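Colleague: Could you take a close look at one part of this model for me, the charged pair on the last helix, and then work outwards from there? I would love one connected walk-through.

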Amino acid sequence: MKITEKQVTAVKRKQGELGLSTTALAKQLSLSKGTLYNILKGTTNNVYPTTFKNLNDWIIDQYTTLK
């Protein structure tokens with residue numbers, strides 16, 4: 001499945017807002033650090049469906065939960 005630039009931007013924005021390291025974010029997303037690093041750096045946008053789901057679920061949770 002393809003991850004869009006908008007999805008990557010949303011993850012980066014929330015990562016910055018929450019002050020999360022790449023390692024901490026990877027744990028929240030249930031992804032390996034390497035996979036997350038490649039997504040954030042734009043070296044990959046084609047991922048497994050489970051990775052896509054984890055990423056989207058986290059984005060939705062972050063934008064729908066007021067803290």
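Modeller: Happy to! K53 has a relative accessibility of 48%, so it counts as partly exposed, falling short of the cut-off of over 50% for exposed. Its partner is D57, and the two side chains meet in a salt bridge with N to O at 2.5 Å. D57 is partly exposed as well, with a relative accessible area of 31%. K53 and D57 are separated by about one helical turn because they lie 4 residues apart in helix α4. As a general point, side chains of opposite charge can pair when their charged atoms come close.

Before going further, a word on confidence: this is a predicted model. The mean pLDDT of the chain is 93, and 97% of its residues reach 70 or more. Confidence is lowest in α4, residues 49–64, yet the mean there is still 94. Helix α2, residues 22–29, has the highest value, at 96.

The count of salt bridges comes to 2, so let us turn to the other pair, E17 and K14, whose closest N and O atoms are 3.0 Å apart. These two residues sit 3 residues apart in helix α1, which again means a separation of about one helical turn. The burial of this pair is uneven: E17 counts as exposed, at 52% relative accessibility, whereas K14 is buried, with a relative accessible area of 12%.

Back to α4, which also has a part in the nonpolar interior. The largest nonpolar core has 17 residues, and those with the most contacts inside it are I3, V11, L25, L29 and W58. Helices α1 (5–18), α2, α3 and α4 each give two or more residues to this core, and the largest share, 4 residues, comes from α4. In general terms, nonpolar side chains tend to be buried together in soluble globular proteins.

L29 makes a good place to see how this region comes together. Setting aside neighbours within four places in sequence, L29 is in contact with L36, N54, L55 and W58.

Step just past L29 and you meet S30, in the loop between α2 and α3 (33–41). S30 is worth a glance at the backbone: its phi is positive, about 60°, although the residue is not a glycine. With 58% relative accessibility, S30 counts as exposed.

Definitions and conventions: Residues are numbered from 1 along each chain as its sequence is written. This is a predicted model: local features need pLDDT of at least 70, side-chain atom pairs count only at pLDDT 80 or more; totals for chains, interfaces and linings use all residues. Side-chain values use heavy atoms; hydrogens and water are left out. pLDDT is the predictor's confidence in each residue, from 0 to 100. Buried means under 20% relative accessible area, exposed over 50%, partly exposed in between (1.4 Å probe, protein chains only). A nonpolar core is a set of buried Ala, Val, Leu, Ile, Met, Phe, Trp, Tyr and Cys residues joined through side-chain atoms within 4.5 Å. Contact means heavy atoms within 4.5 Å. A salt bridge is a side-chain nitrogen of Lys or Arg within 4 Å of a carboxyl oxygen of Asp or Glu.
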